[in-house]
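Reader: I'd like to zoom in on one charged side chain here and then work outwards. Could you walk me through it in plain terms?

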Amino acid sequence: MSADQKLSELGYVLPEPPAPGGNYVSAKIVGGLVFLSGVISIDKQGVMAGTVGHDRSIEEGYTAARQCALMQVAVLKQALGSLDRIKQIVSVNGYVNAVAGFPDSPKVINGASDLFVEVFGDSGRHVRAAIGVSALPRNAIVEIQMTVEI
Amino acid sequence: MSADQKLSELGYVLPEPPAPGGNYVSAKIVGGLVFLSGVISIDKQGVMAGTVGHDRSIEEGYTAARQCALMQVAVLKQALGSLDRIKQIVSVNGYVNAVAGFPDSPKVINGASDLFVEVFGDSGRHVRAAIGVSALPRNAIVEIQMTVEI
Amino acid sequence: MSADQKLSELGYVLPEPPAPGGNYVSAKIVGGLVFLSGVISIDKQGVMAGTVGHDRSIEEGYTAARQCALMQVAVLKQALGSLDRIKQIVSVNGYVNAVAGFPDSPKVINGASDLFVEVFGDSGRHVRAAIGVSALPRNAIVEIQMTVEI
């Protein structure tokens with residue numbers, strides 16, 4: 001089953017890719033690799049903002065990470081025309097807006113990893129790093145930056 | 001117009017590339033990609049230090065990010081001999097030394113993105129992530145890490 | 001001398017590579033590059049946890065970074081079969097769990113850089129970024145993410 005079919009089977013609707021707010025681009029293709037800009041957690045209501053361990057739970061962080069992943073899929077679809085061109089997800093860097101000492105950033109970033117495997121199957125498995133940081137753009141809960149092979 | 005000509009037209013003078021302070025190097029070429037070490041914000045007076053949102057403004061952060069970018073151009077010139085070998089700027093990771101919850105790291109990192117587009121034109125556009133962190137080497141305001149295609 | 005011989009000459013025993021705790025993998029090969037997931041500082045007693053500048057010293061951070069590097073060598077050996085396949089270490093991102101304003105993350109990450117050069121010689125030299133962050137998985141002192149050329 002193609003990733004596009006899988007998306008609709010799962011009931012996911014791709015969001016509108018964000019317009020970069022500066023002199024940069026959302027995606028860049030170099031040889032067989034697609035480099036993507038970091039995207040922050042946004043849903044229909046706007047930026048999913050807050051700090052995990054303070055005013056946001058791990059579960060809310062997980063959902064925010066999944067939204068970031070869905071947004072990156074939308075960016076990939078826009079950049080590549082079709083998701084069928086994706087060979088595998090290579091790397092994911094997940095940054096979690098969290099209180100100092102927060103030990104569970106992996107549980108938050110699982111929201112992105114799980115979505116990639118749901119949509120792309122085994123090709124969705126990637127290497128990753130989960131990092132807790134003190135500040136993200138627009139106070140977003142999560143930011144996801146990634147690389148894909150086509 | 002070449003990037004070198006553009007630099008002098010803009011009145012930019014490339015700083016002296018930093019000597020790595022450990023068992024690492026400033027640049028590494030692998031295939032068509034050049035990987036660069038992170039560089040921190042330094043001007044003629046030394047390290048541009050401080051925390052955005054505390055003792056540094058967004059504007060000071062912007063200037064610090066531009067200095068980092070200029071330093072990376074100097075590193076590239078040293079590593080490649082000529083800036084004409086650069087096909088495009090691929091990716092930029094910008095880390096901003098900022099107070100917890102600081103929402104405007106993109107406005108700071110624009111200082112680097114704008115410089116790359118000033119100097120390299122459309123080939124200067126890149127993917128990027130802007131992250132707020134609690135500590136950078138030598139208490140620098142900004143650190144920029146990047147990848148370039150030759 | 002091969003990296004394997006060098007390791008035993010130095011008296012290093014490779015730890016057991018970690019099992020990823022989610023829908024991701026430890027290593028991914030794309031063309032001539034090996035991308036590795038971030039690994040946190042672990043020794044025989046378990047996670048080396050804490051915050052540099054608060055309850056951990058720079059020296060303890062250095063040791064933690066070396067343990068991360070040793071773990072990545074173990075991951076590489078598992079992924080590649082033999083360390084002889086490694087052409088060079090390309091890039092290292094080192095994240096240090098540190099108090100706000102901590103200026104010495106490079107001194108901590110030197111623990112990883114030094115190990116790579118001890119084991120791989122000049123091919124162990126890499127580009128790197130050292131970043132101080134407010135939270136790492138399981139409250140680890142250090143996390144190391146890297147890329148290698150084969």
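What is the relative accessible area of K77(B), and what class does that put it in?

Author: K77(B) has a relative accessible area of 30%, which makes it partly exposed. That class sits between buried (under 20% relative accessible area) and exposed (over 50%), using a 1.4 Å probe and protein chains only.

Some ground rules before going on. Residues are numbered from 1 along each chain as its sequence is written, while chains are lettered from A and ligands numbered from 1 in the order in which they are written. This is a predicted model, where local features need pLDDT of at least 70, side-chain atom pairs count only at pLDDT 80 or more, and totals for chains, interfaces and linings use all residues; side-chain values use heavy atoms, with hydrogens and water left out.

Now, what does K77(B) do with its charge? Its side chain meets that of D4(B) in a salt bridge, with N and O 2.7 Å apart. D4(B) belongs to helix α1 (residues 3–9) of chain B and K77(B) to helix α2 (residues 58–80) of chain B, so the pair ties together parts that are 73 residues apart in sequence. A salt bridge here needs a side-chain nitrogen of Lys or Arg within 4 Å of a carboxyl oxygen of Asp or Glu. As for the elements, helices (H or I, at least four residues) and strands (E, at least two) are DSSP runs numbered from the N terminus. In general, side chains of opposite charge can pair when their charged atoms come close. The partner, D4(B), is partly exposed too, at 22% relative accessibility.

Hop over to chain C and you can find K77(C) in a salt bridge with D4(C), the closest N and O atoms being 2.7 Å apart. This pair also links distant parts of its chain: K77(C) is in helix α2 (residues 58–80) of chain C and D4(C) in helix α1 (residues 3–9) of chain C, 73 residues apart. K77(C) counts as partly exposed at 30%, and so does D4(C), at 23% relative accessible area.

Across all chains, the search turns up 18 salt bridges. One of them is in chain A, where the side chains of R125(A) and D122(A) come to 3.1 Å, N to O. Here R125(A) is partly exposed at 26%, whereas D122(A) is exposed at 59%.

How do the chains relate to each other? Two copies of a chain are related by a rotation about an axis and a shift along it. Chain B goes onto chain A with an RMSD of 0.0 Å after a rotation of 120° and 0.0 Å of shift along the axis; the fit is by least squares on the C-alpha atoms of residues with pLDDT of at least 70 in both copies. V133(B) is the residue of chain B that comes closest to that axis, its C-alpha being 3.2 Å away. Chain C can likewise be laid on chain A, by a turn of 120° and a shift of 0.0 Å, at an RMSD of 0.0 Å. That is how a three-fold axis relates its copies.

Next, the places where chains touch, with contact meaning heavy atoms within 4.5 Å. Chain B puts 30 residues in contact with 24 residues of chain A. Only 10% of the interface residues of chain B are also interface residues in chain A, so the copies meet through different surfaces. Between them, chains B and A bury about 2,000 Å², 55% of it on carbon and sulfur atoms; buried area is the accessible area (1.4 Å probe) that two parts lose on being put together, summed over both.

If you were hoping for salt bridges between chain B and chain A, the count is zero. On the side of chain B that touches chain A, the elements giving two or more residues are β5 (88–97), α3 (105–120) and β6 (127–133). β6(B) gives the most, with seven residues.

Chain C has 24 residues in contact with 30 of chain A. These two chains bury about 2,000 Å² between them, with 55% on carbon and sulfur atoms. N23(C), K28(C) and S134(C) lose the most area to chain A, together 30% of what the chain C side buries. Salt bridges between chain C and chain A number zero as well.
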